[in-house]
Amino acid sequence: MSRPKLLKLPEVLEEIDMSRAAFYRMRARGKAPKLIKLPNGQIRCRRDDLDAWLTSYQEAA
């Protein structure tokens with residue numbers, strides 16, 4: 001059984017074509033995809049969570 005793919009923040013930002021500053025503003029408003037903060041402070045996003053987040057905005061549009 002394989003673990004879900006964890007994306008690094010730069011990978012997420014590239015995929016959604018967004019600056020880091022805009023992403024953190026969205027995150028502060030509670031509108032960002034679910035994130036995982038690792039013990040070393042790095043942030044990751046599960047591929048499934050990013051896809052679900054994108055789908056939720058597609059349906060709302």
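Select Leu-6 to begin: its bridge partner in strand 3 is Arg-46. Strands here are DSSP E runs of at least two residues, and helices are H or I runs of at least four, both numbered from the N terminus. The model is predicted, with local features requiring pLDDT of at least 70 and side-chain atom pairs pLDDT 80 or more, whereas totals for chains, interfaces and linings use all residues. Residues are numbered from 1 along each chain as its sequence is written, and side-chain values use heavy atoms, without hydrogens and water.

Next, display strand 3 (residues 43–46) together with strand 1, to which three bridges join it in an antiparallel arrangement. Pairing requires at least two DSSP bridges between two strands.

Move to Ile-36, which faces Arg-44 of strand 3. Here strand 2 and strand 3 pair over two bridges, again antiparallel. Follow the hairpin between these two strands through its five intervening residues, and stop at Gly-41 in the turn, where phi is positive, about 95°.

Now show the whole sheet: it is open, antiparallel and ordered 1-3-2. Strand 1 (6–8) and strand 2 (36–37) are the edges; each has a single partner strand, so one side of each lacks a neighbour in the sheet.

Finally, select helix 1 (residues 9–16), which lies across strand 1 and strand 3.

Key. Contact = heavy atoms within 4.5 Å. Axes fitted to C-alpha atoms, helices over the stretch in contact; angles between N-to-C directions.
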